[in-house]
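Student: I am new to this structure and would like a close look at a single part of it. Could you choose one central region and take me through it slowly, with the terms explained as they come up?

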Amino acid sequence: MNVIITGATGMVGEGVLHECLRSPVVEKVLVIHRRPCRVTHPKLEEIIHGDFFDLSAIAQALGGYQACFFCLGVSSVGLSEKSYHHLTHDLTLSFASTVLKHNRDMTFCYVSGMGTDSSEKGKSMWARVKGKTENDLFQLPFRNVYAFRPGIIIPTPGSKNTLKLYRYMGWLIPVLRIVAPSALCSLRDIGQAMIKAATKGYEKKVLEIRDIVALAER
């Protein structure tokens, strides 16, 4: 399987990239991002591209892939709903529509988040926008589309892009494993679940934390 990954310079994307590079199922990985991911590997190809709304300059390099793991995202903090919608929904749909033109048999895995609002009518702005993004992705004629909704994420040891929150609060992870195990999954779980969703499929389009962990262990 050949895979496209976005967001590899972020925490989730880096973890997914790590799992793809170590997986015998994945033969080639193309990462597309705005700055170098500082990783070298025989499987890895890298394209630095600034405008994810316009992929025309790199379109010739996008064909021949069986999966796209879309891990790119921005925080809603400090953004208006219009701006967050543009940078989340519009960007994701634009990217997905472009790679679909070059890979009709592709599986698209989208990193959403725990609490995403599929009704698009709730009080939480980010959850509504993520919900609409999921819903509109499901309408695209990919082979399969899956929305991943992780909650608290256990970082991969040695990760370069672990969020500061996890660095400062990492001591809480062992406690949360005991008091709220259903709220946690690891970066390994997310990466392995994406690989298995793309190669074996899954019975649900929306993968909550329990689904991510269960699929990763199959």
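Tutor: What follows is a walk through the sheet, strand by strand, and then through the helices that belong to the picture.

This is a predicted model, in which local features need pLDDT of at least 70 and side-chain atom pairs count only at pLDDT 80 or more, while totals for chains, interfaces and linings use all residues. Residues are numbered from 1 along each chain as its sequence is written, and side-chain values use heavy atoms, with hydrogens and water left out.

The protein chain holds seven helices and nine strands, where helices (H or I, at least four residues) and strands (E, at least two) are DSSP runs numbered from the N terminus. Of its 218 residues, 54% are buried; buried means under 20% relative accessible area, exposed means over 50%, and partly exposed lies in between, with a 1.4 Å probe and protein chains only.

Seven strands form an open sheet in the order E3-E2-E1-E4-E5-E6-E9, with parallel pairing; two strands count as paired if DSSP finds at least two bridges between them. Strand E3 (44-48) and E9 are the edge strands, and because each has a single partner, one side of each is left without a neighbour in the sheet.

Strand E1 deserves a slower look. On one side, E1 (residues 2-6) pairs with strand E4 (residues 67-70) in the parallel sense over four bridges, and Val3 stands opposite Ala67 in E4. E1 and E2 also run parallel, joined by five bridges, and here Val3 stands opposite Val29 in E2. Five of the five residues of E1 are buried, so the strand is largely enclosed by the rest of the structure. Asn2, Ile4 and Thr6 point one way from E1, whereas Val3 and Ile5 point the other way.

Helices lie against this sheet. Helix H1 (residues 11-22) lies across E1, strand E2 (28-33), E3, E4 and E5, and runs at about 165 degrees to E1; such angles run from 0 to 180 degrees between N-to-C directions, with axes as lines fitted to C-alpha atoms, for helices over the stretch in contact. Helix H3 packs on the sheet as well, touching E5, E6 and E9, and its direction makes about 175 degrees with that of E5. Contact here means heavy atoms within 4.5 Å.

H3 covers residues 125-138, and its 14 residues reach 20 Å from the first C-alpha to the last, close to the 20 Å expected at 1.5 Å a residue; the expected span is 1.5 Å times one less than the number of residues. The helix is mostly covered, with 11 of its 14 residues buried, among them Met125, Val129, Leu137 and Phe138. What covers those buried residues includes helix H2 (81-102), strand E5 (107-111), strand E6 (144-148) and strand E9 (206-207).

One residue of helix H2, Thr88, shows where H2 and H3 meet. Thr88 counts as buried because its relative accessibility is 4%. Leaving aside neighbours within four places in sequence, Thr88 is in contact with Val74, Tyr110, Val129, Lys130 and Thr133, and of these names Val129, Lys130 and Thr133 also appear among the buried residues of H3.

Tyr110 appears again in one aromatic cluster, together with Phe52, Phe70, Phe95, Phe108 and Phe142. The count of aromatic pairs comes to five, by a rule under which rings of Phe, Tyr and Trp (its six-membered ring) pair if their centres lie within 6.5 Å, with planes under 30 degrees apart counted as stacked, over 60 as edge-to-face and the rest as tilted.

Cysteines complete the picture. A search of the whole structure finds zero disulfides, a disulfide being a pair of cysteine sulfur atoms within 2.5 Å. For Cys109, the nearest cysteine sulfur is that of Cys68, 8.5 Å away, and Cys109 is buried because its relative accessibility is 0%. Cys71 is in no disulfide either, as the nearest cysteine sulfur, that of Cys20, is 8.3 Å away; Cys71 too is buried, with a relative accessible area of 11%.
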